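The following exercises ask you to trace how side chains pack in a single model, starting from a group of rings and widening to the cores. Work through each task before reading its solution.

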Amino acid sequence: FAQTESGHSLGVRPLSLAMPVNQTYQKVPEPEESTNAPKPSGILACLTSGWVRLLVLTWAACMMSVLAVTWYDVAAIHFAGPGIQDDKGPFGQVYDRTRSFSKSGITLASVASDIAAGSKPQVPLADEELQLVADDYEAPKGWKANIIGAWLVTITVLDAFLALVAWLVVAKKSLHTCCCVDGLVVDQETREYRQELAADIILAIQFGVPIVTWLLDKLTGYHNCGVSQSLYHRMMAIGPLVLLGQKLLVLLMTTLTDAMKAMNESLDLAWNLCTDVKLTNAMQIRQCQRCAIDIFDKSHIMIYGPSWLQLACDSGIVAGTFKGRPYGTVLAVLGFMDKVVVTQLTARILSVIPSWIENDINNLEKKLGAIGKDVNKLAQELDEHLRKIKNIFDKAGKTLREAQDYLKHARATVAKESGVLGTAVTKDMEATIDKITGPFNEIQKDVDLADAEITKIENEIKKQATKTVDEIMQKLVGLTKMLGSLKPANLLLRLDGLADAALYSGVVKLMASSKASQALP
């Protein structure tokens, strides 16, 4: 968007901003269809698809089945004794098959856990890791056997029931996802609520199992109900880890889905209001700003971690959400520059460079006048003050460099989407970014110059010469004048050109022009 001759706001060049409809947009017979948001693309489509949820549910059902079968094997040892492991009859053959299944399932769960933890998976597991009961196991007798046996039957039946329910959910989800059968499935919101409720109940049960086992240990003296220590720890970890991992993944999917929905709604709102005759131009600009900031806020789901990773995630969400909707990308970039660069970084610069610097240097000049030609006293007096001032400018320089990195990212995003935005819009977006970059570049030069002057003063002090006192006084006077341009009030005046109208007036008129051509947003 081009700057007007007055330099106070951004004007619009209709000819340069005009975009042929057949270049980027497609004609639609009815304007109201222009608000239909497309489906996400790329990795967003993968993460929010029904196939990923189906895969997660299938994994949870498999692990619940593994737990149920493993508890069945423990119960078989308890009731039939260790001799069932050598039984060649029908019960022994059933035990051998269930034991083979539980070993494979626990090994698979262990491998998945190691991969998730970033460690090298151990395949296959050692025999002692999968041993059901300890070598010195003795079957309980009397009332102890009855209590432990009742608990083993209860937990086996309960886990088997939960596994059966999980597989029923997988079957219904498969029919809905693979065969598009909607008759067996309620609406998505109710379905997800039921699944989350079921996952919470199962998770609570899995956390309750070790508590009951511990109570039986205190009551009967049989540690872990006779299960070997290594296997018991793996069994207790499978359920909670699988369910917690499922909840985290579902939370990510839900967050992305809600974010994309809100981002498209904000784009549609800005698109609809840009031509509303009931609103003044200032109201349209203000609403466009709100929508742009809201789009950026919704795309910024990663609030911790390195800035480059946050920017990469933001860019991926915006690109996946607004595929084929160029104005969504435009508003996302403007919202990013408005909130992060213009608002947050400007506030940080103002807070880093306090107003007391000028007063501090003025007081220092008075002290130096009383010192006279004593170089040693001069070095002692200046050391603390210069170190404090230099530290401030180091922080300011770091903040300004961060602003430059953010603006480079915005320019790279626009360049990457130039094929969708079109040549005219790309050039005007780059002009807008350059307008924001200019004041920050000027402040950066002043900060670097002030920092260099402080370094020169420090070098003069190290010379330990009497004649340097006069030179230092002259440099301090020059430094004081230089710092005048970095006072908060002067910084605000230099950044005053980055107003709401400067950022959004052009895009409001551009959207209105495109909408009049019956183009999609």
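Phe 296, Phe 336 and Tyr 406 form one aromatic cluster, in which rings of Phe, Tyr and Trp (its six-membered ring) pair if their centres lie within 6.5 Å, with planes under 30 degrees apart counted as stacked, over 60 as edge-to-face and the rest as tilted. The model is predicted, so that local features need pLDDT of at least 70 and side-chain atom pairs count only at pLDDT 80 or more, while totals for chains, interfaces and linings use all residues. Residues are numbered from 1 along each chain as its sequence is written, and side-chain values use heavy atoms, with hydrogens and water left out.

**Exercise 1.** Determine the geometry of the aromatic pairs in this cluster, and state which helices they link.

*Solution.* Begin with the count: the structure holds three aromatic pairs. One of them joins Phe 296 and Phe 336, whose centres are 5.7 Å apart with 55 degrees between the planes, a tilted arrangement. This pair links distant parts of the chain, since Phe 296 lies in helix α9 and Phe 336 in helix α11, 40 residues apart (helices are DSSP runs of H or I with at least four residues, strands are runs of E with at least two, and both are numbered from the N terminus). Next, the rings of Phe 336 and Tyr 406 have centres 5.6 Å apart and planes at 90 degrees, so this pair is edge-to-face. Because Phe 336 belongs to helix α11 and Tyr 406 to helix α13, the pair ties together parts 70 residues apart in sequence.

**Exercise 2.** Decide whether Phe 296 and Ser 299 are buried or exposed.

*Solution.* Buried means under 20% relative accessible area, exposed over 50%, and partly exposed in between (1.4 Å probe, protein chains only). Phe 296 has 6% relative accessibility and therefore counts as buried. Ser 299, in helix α9, counts as buried because its relative accessibility is 1%.

**Exercise 3.** Describe the largest nonpolar core and the element that gives the most to this core.

*Solution.* A nonpolar core is a set of buried Ala, Val, Leu, Ile, Met, Phe, Trp, Tyr and Cys residues joined through side-chain atoms within 4.5 Å. The largest has 54 residues, and those with the most contacts inside it are Leu 331, Phe 336, Met 337, Val 507 and Met 511. Helix α11 gives the most to this core, with 13 residues. A second, separate core of 38 residues includes Ala 76, Ile 77, Tyr 95 and Leu 152.
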